[in-house]
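Here are some exercises to work through with the model open beside you. Try each task before you read its solution.

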Amino acid sequence: MAGRALGLDLGDVRIGVAISDEARRRALAFGTIHVGRPPGELRAVADIVRDHDVTTVVVGLPLSLDGGRGPRSAHAEAFAEGLRGIVSVPVVLHDERLTTVEAERGLREAGVSGRDRRAVVDAEAARILLQAWLDAGRSPASAG
């Protein structure tokens with residue numbers, strides 16, 4: 001499928017947001033949505049989908065290191081289901097294990113300070129998640 005993909009890294013305070021280019025080759029950090037603020041997280045995502053011609057939404061699925069599902073996974077699944085009810089594009093779940101850890105490490109290595117890092121880590125985690133999903137879609141195993 002062509003068109004922009006949107007990646008979401010769900011958190012308790014913020015939802016990290018990333019968006020791809022139209023060719024789905026590169027994911028870019030887009031920003032964050034603050035949890036609990038009007039018009040609500042689902043509506044905020046739906047607005048981004050509409051305003052940026054998004055054709056697929058990828059929601060991070062937090063699995064344990066052994067692949068098991070816990071309460072955070074159930075939250076992601078419920079969020080994805082709620083989103084499916086208000087957008088007309090596919091909403092898929094993708095394993096997000098260690099994306100926040102990888103985002104923190106990358107930002108720290110880039111010299112981003114602790115305060116500044118907290119402000120962008122969620123969007124960077126969403127970028128990592130979305131890039132992994134984009135790369136998986138181009139892998140030889142998925143071709144065909």
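**Exercise 1. Find what covers the buried residues of helix H2.**

Solution. The cover includes strand S1 (4-9), strand S2 (14-20), helix H1 (41-51), strand S4 (54-61) and strand S5 (91-95). Before going on, note that this is a predicted model, in which local features need pLDDT of at least 70 and side-chain atom pairs count only at pLDDT 80 or more, while totals for chains, interfaces and linings use all residues. Residues are numbered from 1 along each chain as its sequence is written, and side-chain values use heavy atoms, with hydrogens and water left out. Helices (H or I, at least four residues) and strands (E, at least two) are DSSP runs, numbered from the N terminus. A contact means heavy atoms within 4.5 Å.

**Exercise 2. Work out which residues of H2 are buried and where they sit around the helix axis.**

Solution. Step one: locate the helix. H2 covers residues 71-84, and its 14 residues reach 20 Å from first C-alpha to last, close to the expected 20 Å (1.5 Å times one less than the number of residues).

Step two: sort by accessibility. Buried means under 20% relative accessible area, exposed over 50%, and partly exposed in between, with a 1.4 Å probe and protein chains only. The buried residues of H2 are Ser73, Ala76, Phe79, Ala80 and Leu83.

Step three: look down the axis. The buried residues of H2 fall within an arc of 125°, so they line one face of the helix; the arc is that of the directions from the helix axis to the C-beta atoms. On the other side, Pro71 and Glu81 are exposed.

**Exercise 3. Describe the salt bridges that involve Glu77, Arg84 and Arg127.**

Solution. Start with the rule: a salt bridge is a side-chain nitrogen of Lys or Arg within 4 Å of a carboxyl oxygen of Asp or Glu. The count comes to eight.

- Glu77 meets Arg69 at 2.0 Å, N to O. Glu77 is partly exposed at 28% relative accessible area, whereas Arg69 is exposed at 56%.
- Arg84 pairs with Glu81 at 3.0 Å, N to O. Both lie in H2, three residues apart, about one turn of the helix. Arg84 is partly exposed, at 34%.
- Arg127 pairs with Glu124, their closest N and O atoms being 2.9 Å apart. Both lie in helix H4 (residues 114-138), again three residues apart. Arg127 is partly exposed at 24%, but Glu124 is buried at 18%.

A general point helps here: an α-helix has 3.6 residues a turn, so residues three or four places apart point the same way.

**Exercise 4. In what order do the five strands stand in the sheet?**

Solution. The chain itself runs β-β-β-α-β-α-β-α-α from the N terminus. In the open sheet, the order is S3-S2-S1-S4-S5, with mixed pairing. Strand S3 (27-34) and S5 stand at the edges with a single partner strand each, so one side of each is left without a neighbour in the sheet. From one strand to the next, the twist averages 30°. Two strands pair if DSSP finds at least two bridges between them; S4 and S5 have five, in the parallel sense. Val59 stands opposite Leu93 in S5.

Finally, place H1: this helix lies across S1, S2, S3 and S4, running at about 145° to S3. Axes here are lines fitted to C-alpha atoms, for helices over the stretch in contact, and angles run from 0 to 180 degrees between N-to-C directions.
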